[in-house]
Amino acid sequence: MRKLVLLGAGYGNMRILLRLLTKELPEDVEITLVDRTPFHSLKTEFYALAAGTVSDAEVRVPLPEHERLKVVGGEIIDIRPDEKCVYLDDGKQIAYDELVIGLGCQDNYHDVPGAAENTYSIQTIGRSRVTYEKLLGLGGGATVGIVGAGLSGIELASELRESRPDLTIKLFDRSPRVLRDFPERLSNYVQSWFDKHNVEVVSNSNITKVEPNVLHNHEETISVDAVVWTAGIRPVTPVQNLNTEKDRSGRVKLNMYHQLPDYKDVYVVGDCASLPYAPSAQVAEEQAEQIVRVLRNVWNNEPLPESMPEIKLKGFLGSLGKKQGFAYLADRTVTGRIARLLKSGVLWMYKWHNG
């Protein structure tokens, strides 16, 4: 049997499974999925789990079942393309014929002293649970600092405001305005929501050090009771350790078929891949569609296409609590209740297709 191994049950590999586990799966191919959890986690919703507005069960989707799909639980510690083998922390070794690396990312602390030790995270479902427990346990009037005003930071700050109106929330943004790379109307809408709901946005910030209960912003020291870090990501350690070319962010450079240039049997999907787009679930799913096409060509001994289509993104959706939201779709800005309903609808459709 030909062995396809998928590392990580993220958005990219879930799309690959959705497309491959059909009647068209070649009879001589078996698939192994490796992940630390026995379910797919909705990472785009971890902010709500951390804020306490959704339950753990609402951010999980069951893995598909198929007679030629094997699910292996464990932590991946080493990927060795020269050996065509993956090593797990419990001593297991998994050989492959084709490998898809979709292990996602971890927080990038940008070498800020104390950031890794003294902040909370929403990068994994496990760390989001820990963050929820910390935020839930804070007393009334406590101060929460959220470092990083990208989509994750904005959604966490707004969701936490609705969940805990008794907290003081400070959102630290390195830019002069939130969502700086998007139309000013979008930035103004989000900023006005924060102003109305008493979330302080600290613009032009530069966190230089994090101590227990203290944030250092430029020369100022700010007392806090908890800090959540949402200020950037980098590939997980096993991907960082791969002996292959990477970009300045540590993401793996690929050829047009999403393969490692020196190992055509290894594909990379999602946040670990070096692409001309910001990492997102949408990018991972579009990559996955193309990887499936390439795999089918390989399995059928057919030549690969001379070119691959450009990945075209539809835009993005964000929430401001449960009733308001914002979106950037087809170069158009949408705000308010409609944007929030759009995001809820997309999430419902995703669960329906994958559940």
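This passage describes the cores, sheets, hairpins and cavity of a predicted model.

The description starts with the nonpolar interior. The largest nonpolar core of the predicted model has 70 residues. Within this core, L20, I31, I154, F194 and F326 have the most contacts. Among the elements that supply residues to the core, helix 8, which spans residues 281-299, gives the most, with eight residues. A second core, separate from the largest one, consists of 22 residues, including I79, Y96, I101 and V252. The surroundings of I31 can be given in detail. Apart from residues up to four places away in sequence, I31 touches L4, L6, L17, L20, L21 and L25. The list of residues touched by I31 also includes R68, L69 and K70.

Another residue considered in this way is N13, which is found in helix 1, residues 11-20. N13 has a relative accessible area of 1% and is therefore classed as buried, since the limit for a buried residue is under 20%. When neighbours within four places in sequence are left aside, N13 is in contact with L6, L7, G8, V100, G102 and V269.

The strands are taken up next. Strands of a sheet pair through backbone hydrogen bonds, and the pairing is either parallel or antiparallel. In this model, one open sheet is made of three strands in the order 6-7-8, and the pairing is antiparallel. Strand 6 (76-80) and strand 8 (93-95) are the edge strands of this sheet, each pairing on one side only. On average, and with direction ignored, neighbouring strands of the sheet are turned by 20° against each other. Three bridges connect strand 7 (residues 85-88) with strand 8 in the antiparallel sense. At C85, the bridge partner is A95 in strand 8.

A further open sheet of three strands has the order 21-22-23, again with antiparallel pairing. Its edges are formed by strand 21 (315-320) and strand 23 (332-336), each of which pairs on one side only. From one strand to the next, the twist averages 10°. Strand 22 (residues 324-329) pairs with strand 23 over five bridges in the antiparallel sense. A327 has V334 in strand 23 as its bridge partner. Helix 9, residues 337-354, lies across strand 21, strand 22 and strand 23. The helix runs at about 95° to strand 23.

Two hairpins share strand 15. Strand 14 (residues 207-211) and strand 15 (residues 214-217) run antiparallel and are joined by four bridges. E211 stands opposite V214 in strand 15. The hairpin formed by strand 14 and strand 15 has two residues between the strands, and N213 in the turn has a positive phi of about 70°. Strand 15 is also joined to strand 16 (residues 220-223) by four bridges, and these two strands run antiparallel. Here the bridge partner of N217 is E220 in strand 16. The hairpin of strand 15 and strand 16 likewise has two residues between the strands.

Positive phi values in residues other than glycine occur at H218 and at N198. H218 is found in the loop between strand 15 and strand 16, and its phi is near 55°. The relative accessibility of H218 is 43%, so this residue counts as partly exposed. N198 is found in the loop between helix 6 (184-196) and strand 13 (199-202), with phi near 60°. At 61% relative accessibility, N198 counts as exposed, because the limit for this class is over 50%.

The last feature is the empty space inside the model. Rolling a probe the size of a water molecule over the atoms shows where empty space is left. The structure holds one cavity of 30 Å³ or more. The space in the largest cavity is about 40 Å³. Its lining consists of R251, G270, D271, A273, L275, Y277, A278, P279 and V283.

Note on methods:
Residues numbered from 1 in each chain as written. Predicted model: local features only at pLDDT ≥ 70, side-chain atom pairs only at ≥ 80, totals over all residues. Heavy atoms only, no water. Core = buried A, V, L, I, M, F, W, Y, C linked by side-chain atoms within 4.5 Å. Buried < 20%, exposed > 50% of the residue type's maximum accessible area, 1.4 Å probe, protein only. Contact = heavy atoms within 4.5 Å. Pairing = 2+ DSSP bridges. Axes fitted to C-alpha atoms, helices over the stretch in contact; angles between N-to-C directions. 1 Å grid on protein atoms, 1.4 Å probe; cavity = no way out; pocket = protein on both sides within 12 Å on 5 of 7 lines; lining within 4 Å. Points joined across faces, edges and corners; volume = space filled by probe spheres on them.
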